[in-house]
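Let's take a walk through this one together, starting with the whole chain and then zooming in on a few residues. Have the viewer open as you read.

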Amino acid sequence: DPDEVSQLNLPKQELTAPILFDFLVGETALQRGSLDIAVNRYVKLAKTTRDPRIAKRATEISLHAGNPFAAEQAATLWVGLEPDSVDARQTIAALLVNLGKLDAARPHLEKLLATEKEGVDNAFMQLNQLLSRNPDKTATLQLIQQLSQPYKDVPEVHFAISQAAWFANQHQLALDEMQRALALRPEWEIAAVHNGRILQRVSAADASEFYRGYLEKYPASNEVRVAYTRVLIGASEIDQAREQVQWLLDKNPEDAEITLAAGLLATEMGDFDVTEASFKKALTLGYKDTNAVYFHLGQIYEETNRPDLAMEAYQQVKSGGRYLPAQIRYADLLAL
């Protein structure tokens, strides 16, 4: 029984009067919102008991209190007491990254990656997200490159380096690494979309050529087609862009997300009739965020001088971030 095993690893700690007192003070302070007192007591308890459960609790309370230095103390203790805990390592690594201590975070990240034998691809994608919070983009890139050494045949690793390079303004490295990711996994749409975006930094024609070639090989890559259409619109190649929108609509008649995306692309070209038809179809296909669709429809009706329909659409916006703007537009139209 794993619970019994973990019980064996816990310290043989007697519940002395001072420990009980610290517990009571810590819990009472927590309930009353006196977070500083709660943090102090729990960090003290973690040090005296050397109990990983208390070290974890001290870490959580310190984080809740917004005290990263106490959290670092508690999490360091926690990972020391429970070195095989993924939870403890993830917590200390995230904390150290947020504090800008990348060198200190590195051994924890290496250990986490080494234990992720099956899911190292996923781990690198999450790592990217974690490290993106660090303001020193050059140091972040160097850390990801160091961590990637044992995993050169994993496409997600090259994707992660590419993104870190992009944020560090090393665009050639970003391009080289994204192309390595695609060489290892050619049908990976998101990598293809990013590759086109990096190319666009150099030249829209290069991006356009890459997307066109990719779509010849993988015509069902809808996200790449959407990105390609945006490049065409940006280059004022409207006839070709319209062909792409029509392709998206024709080939995905049951896909609400793609139908809506095609409608939004049509809006960028001023093809409001296509937009209106696409949005209505997305609703009949069960698109989940109806508030967004009705708000956009209201804008289309205003744009095409149909205030009554616009008011009806705005009234269908029931909640969320667009509720208030829709009410304001409705009131403005009512006042006309």
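What percentage of the contacts in the chain with a separation of 6 or more is accounted for by residues 24 or more positions apart? The figure is 46%. Keep in mind that this is a predicted model, and every value here was computed from it.

**The whole chain**

On secondary structure, the tally is easy to remember: 20 helices and 0 strands. As for overall dimensions, the chain has a radius of gyration of 27 Å, whereas a compact globule of 336 residues would come in near 20 Å. Lay the C-alpha atoms along the principal axes and they fill a box of roughly 80 × 55 × 40 Å.

Of the 336 residues, 43% count as buried. The chain exposes about 18200 Å², and carbon and sulfur atoms supply 51% of that area. On the charge side, there are 34 positive and 46 negative charges, and the mean positions of the two sets sit 5 Å apart.

**Aromatic pairs**

The structure holds 7 aromatic pairs. Start with phenylalanine 159 and tryptophan 188: their ring centres are 5.0 Å apart and their planes meet at 35 degrees, so this pair is tilted. Phenylalanine 159 belongs to helix H10 (residues 155–167), while tryptophan 188 sits in the loop between helix H11 (171–184) and helix H12 (189–202), so the pair ties together parts that are 29 residues apart in sequence. Are the two partners buried or exposed? Phenylalanine 159 is buried, at 3% relative accessibility, and tryptophan 188 is buried too, at 9%.

Now move along to tyrosine 214 and tyrosine 218. Their ring centres lie 4.9 Å apart with the planes at 40 degrees, so this pair is tilted as well. Tyrosine 214 counts as buried at 7% relative accessibility, whereas tyrosine 218 is partly exposed, with a relative accessible area of 27%. Both belong to a bigger picture: ring pairs link Phe210, Tyr211, Tyr214, Tyr218 and Tyr228 into a cluster.

Phenylalanine 210, one of the cluster members, is found in helix H13 (residues 204–217). Leaving aside neighbours within four places in sequence, phenylalanine 210 is in contact with Leu182, Ala192, Asn195, Gly196 and Leu199. From phenylalanine 210 to glutamine 200 is 10 residues in sequence and 9.9 Å in space, C-alpha to C-alpha.

**A buried glutamate**

Back in helix H10 you'll find glutamate 156. Is its side of the story buried or exposed? At 8% relative accessibility, glutamate 156 counts as buried. Beyond the neighbours within four places in sequence, glutamate 156 is in contact with Asp121, Phe124, Met125, Arg185 and Trp188. That last name is familiar: tryptophan 188 is the ring partner of phenylalanine 159.

**Two positive phi angles**

Most residues other than glycine have a negative phi. Which residues go the other way here? Arginine 50 has a positive phi of about 50 degrees although it is not a glycine, and asparagine 169 has one of about 60 degrees, again without being a glycine. Arginine 50 lies in the loop between helix H3 (35–49) and helix H4 (52–64), and asparagine 169 is in the loop between H10 and H11. Arginine 50 is partly exposed at 45% relative accessibility; asparagine 169, at 56%, counts as exposed because the cut-off for exposed is over 50%.

For a sense of span, the C-alpha atoms of asparagine 169 and tyrosine 301 are separated by 42 Å, with their positions 132 residues apart along the chain.

**Tyrosine 314**

Tyrosine 314 is found in helix H19 (residues 307–315) and is buried, at 0% relative accessibility. Leaving aside neighbours within four places in sequence, its contacts are Phe295, Gly298, Gln299, Glu302, Ala326, Arg329, Tyr330 and Leu333. The C-alpha atoms of tyrosine 314 and glutamine 327 are separated by 6.8 Å, and the two are 13 residues apart along the chain.

Here are the C-alpha separations side by side:

| Residue pair | Apart in sequence | C-alpha separation |
|---|---|---|
| Phenylalanine 210 and glutamine 200 | 10 residues | 9.9 Å |
| Asparagine 169 and tyrosine 301 | 132 residues | 42 Å |
| Tyrosine 314 and glutamine 327 | 13 residues | 6.8 Å |

Terms used: Residues are numbered from 1 along each chain as its sequence is written. This is a predicted model: local features need pLDDT of at least 70, side-chain atom pairs count only at pLDDT 80 or more; totals for chains, interfaces and linings use all residues. Side-chain values use heavy atoms; hydrogens and water are left out. Helices (H or I, at least four residues) and strands (E, at least two) are DSSP runs, numbered from the N terminus. The radius of gyration is taken over C-alpha atoms; the globule rule is 2.2 Å times the number of residues to the power 0.38. Buried means under 20% relative accessible area, exposed over 50%, partly exposed in between (1.4 Å probe, protein chains only). Contact means heavy atoms within 4.5 Å. Accessible areas come from the Shrake-Rupley method with a 1.4 Å probe; for residues, only the protein chains shown count as cover. Lys and Arg count as positive and Asp and Glu as negative; His and the chain ends are not counted. The place of a charge is taken as NZ of Lys, CZ of Arg, CG of Asp or CD of Glu. Rings of Phe, Tyr and Trp (its six-membered ring) pair if their centres lie within 6.5 Å; planes under 30 degrees apart count as stacked, over 60 as edge-to-face and the rest as tilted.
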